[in-house]
Amino acid sequence: MYPDAHCELEFDTPFQLLIATILSAQSTDVQVNKVTKGLFEKYPTAEVMLTMTEAQLANEIRGLGLFRNKSKNIYQTCRILVEEYNGQVPMEREALEALPGVGRKTASVVLSNAFGIPALAVDTHVQRVSNRLALVKSETPIETEKQLTKKIAKKKWLDTHHQLIWHGRRLCMARNPKCSRCDLLPLCKYGQSNIDKIISK
């Protein structure tokens, strides 16, 4: 259904993907891309981003939710990257997750999309869709990741991540999923359990 699924955050470097992913918490990729277009044109690297104050950074990203907290985390992350990694984004999960504002999901996004290191990031879309399709039975992202990575070949982790996200954004929304238009309805545990409602619509 989604052979061309890919990361919808716009970036040119691992650093830009890292910042965009931090910014994407409780914001849409569309909103983030609007903000980062101008941000990355003016401040493309960690070194250049540190020429701003934290307050100036907050003003640059104020169109996004939690912008004050995000600006604090991003500013601290930039400082660590410059002081400890010569301005480069580390390629190790442990080092990434030690950065302010970076959790397991963000680290997985950066590892897989920026460096080609196998990882399967679980966001709200992946969590919801994989449970609805009964690919997993899990209430937490970490357990969902464990179950998915056991069932899916490592070389397909990145594609599966994007395909589940695209399905969640385009058809399998949290509210009012478009089950009647979904090719996966015959295979979907959630859809089959709600088939009477779907048919009546």
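**Exercise 1. The annotated cysteines**

Task: Find which residues UniProt lists for "binding site", and work out where they sit.

Solution.
Step 1. The unreviewed UniProt entry lists Cys-172, Cys-179, Cys-182 and Cys-188 under "binding site".
Step 2. These four span 17 residues in sequence, yet no two of their C-alpha atoms are more than 10.8 Å apart, so they gather at one spot.
Step 3. Cys-172, Cys-179, Cys-182 and Cys-188 also belong to the lining of the largest cavity.
Keep in mind that the model is predicted.

**Exercise 2. Two cysteines in a loop**

Task: Place Cys-179 and Cys-182 in the fold. Then decide for each: buried or exposed?

Solution.
Step 1. Start with Cys-179. It lies in the loop between α10 (157-170) and α11 (189-193).
Step 2. Cys-182 has its place in the loop between α10 and α11.
Step 3. Apply the cut-off: buried means under 20% relative accessible area. Cys-179 has 13%, so it is buried. Cys-182 has 15%, so it is buried.
Step 4. Now look for contacts, setting aside residues up to four places away in sequence. Cys-179 touches Leu-185, Tyr-190 and Ile-198. Cys-182 is in contact with His-167 and Leu-171.

**Exercise 3. Counting disulfides**

Task: State how many disulfides the model has, and explain why Cys-172 is not bonded to Cys-188.

Solution.
Step 1. Recall that a disulfide is a covalent bond between the sulfur atoms of two cysteines. The cut-off here is 2.5 Å between the sulfurs.
Step 2. The count is zero disulfides.
Step 3. Check Cys-78. Its nearest cysteine sulfur, that of Cys-7, is 18 Å away. Cys-78 is buried, at 1% relative accessibility.
Step 4. Check Cys-172. The closest cysteine sulfur is in Cys-188, 6.1 Å away, so the gap is too far for a bond. Cys-172 is buried too, with a relative accessibility of 10%.

**Exercise 4. A link across the chain**

Task: Which parts of the chain does the pair Asp-29 and Arg-169 link?

Solution.
Step 1. Begin with the total: the model has eight salt bridges.
Step 2. One of them joins the side chains of Asp-29 and Arg-169, at 2.9 Å from N to O.
Step 3. Asp-29 is in helix α2 (residues 29-42), and Arg-169 is in helix α10. The two are 140 residues apart, so the pair links distant parts of the chain.
Step 4. Compare the two ends. Asp-29 is buried at 14% relative accessibility, whereas Arg-169 is partly exposed at 29%.

**Exercise 5. Two more bridges from helix α2**

Task: Follow the salt bridges of Lys-37 and Lys-42. Find where their partners lie.

Solution.
Step 1. Lys-37 meets Glu-41 in a salt bridge, with N and O 3.4 Å apart.
Step 2. Lys-37 and Glu-41 are four residues apart in helix α2, which means about one helical turn separates them.
Step 3. Lys-37 is exposed at 55% relative accessibility, and Glu-41 is exposed at 61%.
Step 4. Lys-42 pairs with Glu-60, the closest N and O atoms being 2.9 Å apart.
Step 5. Lys-42 lies in helix α2 and Glu-60 in helix α4 (residues 54-60), so this bridge ties together parts 18 residues apart in sequence.
Step 6. Lys-42 is partly exposed at 46%, and Glu-60 is partly exposed at 24%.
Step 7. Finish with the network. Glu-8, Asp-29, Arg-169 and Arg-170 are joined into one network by salt bridges that share partners.

Notes:
Residues numbered from 1 in each chain as written. Predicted model: local features only at pLDDT ≥ 70, side-chain atom pairs only at ≥ 80, totals over all residues. Heavy atoms only, no water. Buried < 20%, exposed > 50% of the residue type's maximum accessible area, 1.4 Å probe, protein only. UniProt positions renumbered as here; feature names shortened; annotations may be inferred. 1 Å grid on protein atoms, 1.4 Å probe; cavity = no way out; pocket = protein on both sides within 12 Å on 5 of 7 lines; lining within 4 Å. Contact = heavy atoms within 4.5 Å. Salt bridge = Lys/Arg side-chain N within 4 Å of Asp/Glu carboxyl O.
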